Amino acid sequence: MKRRRIISVLTVILVFIGLLLVKVSEWVPNTFGNIPFEQVLFHLMVPMEGTDTTFVASFIEYCLPLPCIVSAILLLCCIIKDWKVSRDIRDGEFQHVRNNVLIIITSLSCLFVYVFGINDVIHAVGIDEYWNNVKHPSTLYENFYVNPDNVKYAFPEQKRNLVYIFMESMETTYEDLEHGGAFEESRIPELTELADNNLTFSFGNNDNNGFLVPSMSGWTVAAIVGQTSGVPLNIPIDGNDYISDKSFLPGTYSIGQILEKNGYQNELLIGSDAAFGGRKYYFEQHGNFKIDDYNSAIENGWIDKDYHVWWGYEDIKLFEYAKNELTNLASSGQPFNFNILTADTHHIGGYPCSECENLYGDQYSNVIRCSSKHVTELVQWIQEQPWYENTTIVLAGDHKSMDPDWFKDIEESGYNRKCYYAIVNSAATPTTQNSRTISTYDLFPTTLASLGVTFNSDRLGLGTNLYTDEETLVEKLGFKKFDKELTRHSNYYDKYILYGKEKD
């Protein structure tokens, strides 16, 4: 009797886990799109403070009902069956063979559900591909990586300020067909006009607007690392000991560190909790940034202690606080590097603020248009300030949007999605007028060069200085091959970048 009850309990547990895994394997791609396992692994290892609770609600709503209902029914059946068997034993009618056969059939069926669920999850989140990449290491870094810490930098006599705007999920996909976008009517006409009148390195080839996003830089923290350090965020399965307030990619040498060493003030302004995803660790350890996030906004009295919308506070407030912070930085007389990260255009559906208009009939389009308007207004405000003449502005989408449903028809049409990119008031002029094919990592050396900084290398990290005529790694290798190499395990990356060991 005791053995049968143990089998019944294990059966119910296996069914619950199996069905939960099946639902998770559906929920992950439906919610986040085709993400690499490294992204899942990374977020399991870093602080989750400040996470948008709608994802938790979505998980509960989609993944839990079926496993709970089926397991409850199965558990009830086991209880009834146990009661009937006990009664049959008392009546001398216990049919030992029949019940053993039923137990075996039920257990095998449950085991099948369990194994099926595991198999689904393995494929859905790319665990199988991850292990294949681990088993076949890449030599990409040995062949192409340039350690920025070993490069010599020369700054102009009057150092320029940098305003870097990371725009959540901002793509050139949102532009109209004429500008290489996927829509008859642009969702970002203001940003399109801004790009038309400034530097994008496409030189009139609208089909080549924007930059390509490799898999290992396809989420916010990884995108920030890629754009400011020229390397991906590639995590081993045992990488816990490097993601902390003491160590976050110690082998990288970022633009924040280069600018800090040369007398710059570094500041990051975001409307969410900076601890989420380890962003706080990265910026503090790579440039000693002053960080103003959702928590400090409460401490500073910018917002009420009970105020919380979306990921913290909305972008319409972020832009106003940015003006105040920029004014304070400019008045110090010290060159500054001011970074801002928007959030309203995060999936799913974005956050419609009080100024969002219903222009397109769907919320995400309206939010994207609203963000285009507000970002452009911030740029225009900067251009009106007395310190603008000596300031360069970089606008870049952080990564492609992860809203799979919204992009389904676009991707099925074969459209090649890219992120938005433009440099306003550059101090340098490109050597070539050829349209460039670029990736996340090329923004690192190019941003530095846009400040009038010269250095004795055409490449920093895995990125190429677009002001030179040196081929980018995407132009040299092709994007598919480059992306594949980035996903593969690298002994060089682990040893010298991930753990920051000194090179022999």
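Colleague: How many bridges join β6 to β7, and which way do the strands run?
Modeller: This is a predicted model. Take one pairing as a start: Leu395 has Ala422 in β7 as its bridge partner. The strands β6 and β7 run antiparallel, and the bridges that join them number four.

Colleague: Which residues of strand β7 lie on each side, and are they buried or exposed?
Modeller: Strand β7 covers residues 421-424. Tyr421 and Ile423 are on one side, Ala422 and Val424 on the other. Both faces are covered, and these four residues are all buried.

Colleague: Which strand pairs with β2 over seven bridges?
Modeller: β2 has two pairings to look at. With strand β5 (residues 336-341), β2 pairs in the parallel sense over five bridges, and Val163 stands opposite Phe338 there. The pairing over seven bridges is also in the parallel sense, and one of its bridges sets Tyr164 against Val394. That partner is β6, residues 391-397.

Colleague: How many residues of strand β2 are buried?
Modeller: Look at both directions. Asn161, Val163, Ile165 and Met167 point one way, while Leu162, Tyr164 and Phe166 point the other way. All of them are buried. The count for β2 is seven of its seven residues.

Colleague: Which two residues touch the most other members of the largest nonpolar core?
Modeller: Nonpolar side chains in soluble globular proteins tend to be buried together. Here the largest nonpolar core has 65 residues. Helix α19 (residues 491-498) gives the most to this core, with five residues. The two that touch the most other members are Tyr141 and Tyr421.

Colleague: Which residues does Tyr421 contact, leaving aside its neighbours within four places in sequence?
Modeller: Tyr421 is buried in β7. Its contacts include Val394, Leu395 and Ala396. The others are Thr200, Phe201, Gly210, Phe211, Ile438, Leu443, Thr446 and Leu466.

Colleague: Which residues are among the members of the core of 40 residues?
Modeller: This core lies apart from the 65-residue one. Ile165 is a member, and Ile165 is also a buried residue of β2. Others among the members are Tyr313, Val379 and Tyr420.

Colleague: Why is the pair of Tyr153 and Phe455 called tilted?
Modeller: The structure holds 27 aromatic pairs. In this one the ring centres are 5.8 Å apart. Tyr153 is in strand β1 and Phe455 in strand β8, 302 residues apart. The planes stand at 55°, between the cut-offs of 30 and 60 degrees, so the pair is tilted.

Colleague: How far apart in sequence are the parts that Tyr174 and Trp406 tie together?
Modeller: Tyr174 and Trp406 form an edge-to-face pair, 5.8 Å centre to centre with 75° between the planes. Tyr174 lies in the loop between β2 and α8, Trp406 in helix α15. Tyr174 is buried, with a relative accessible area of 0%. The parts tied together are 232 residues apart.

Colleague: Which charged end sits over the ring of Phe407?
Modeller: There are two such placements to set side by side. Lys159 has its charged end over the ring of Phe155, 5.6 Å from its centre. Over the ring of Phe407, the charged end lies 3.6 Å from the centre. That end belongs to Arg417.

Colleague: Why does Ser371 count as buried?
Modeller: Ser371 is found in helix α14. Beyond its neighbours within four places in sequence, Ser371 is in contact with Met170 and Thr345. Buried means under 20% relative accessible area. Ser371 counts as buried because its relative accessibility is 5%.

Colleague: Which residue forms a cis peptide bond with His347?
Modeller: Most peptide bonds are trans. Here omega is about 0°, and the bond is cis. The partner's place is in the loop between β5 and α14. That partner is Ile348.

Colleague: Is Asn288 buried or exposed?
Modeller: Asn288 lies in the loop between α11 and β4. Asn288 has a positive phi of about 50° although it is not a glycine. Phe203, in the loop between α8 and α9, also has a positive phi of about 50°, and Phe203 counts as partly exposed at 29% relative accessibility. For Asn288 the relative accessible area is 51%, so Asn288 is exposed.

Terms used
Residues numbered from 1 in each chain as written. Predicted model: local features only at pLDDT ≥ 70, side-chain atom pairs only at ≥ 80, totals over all residues. Heavy atoms only, no water. Buried < 20%, exposed > 50% of the residue type's maximum accessible area, 1.4 Å probe, protein only. Contact = heavy atoms within 4.5 Å. Pairing = 2+ DSSP bridges. Phe/Tyr/Trp six-rings, centres within 6.5 Å; stacked < 30°, edge-to-face > 60°. Lys NZ or Arg CZ within 6 Å of the ring centre and 35° of its normal. Core = buried A, V, L, I, M, F, W, Y, C linked by side-chain atoms within 4.5 Å.
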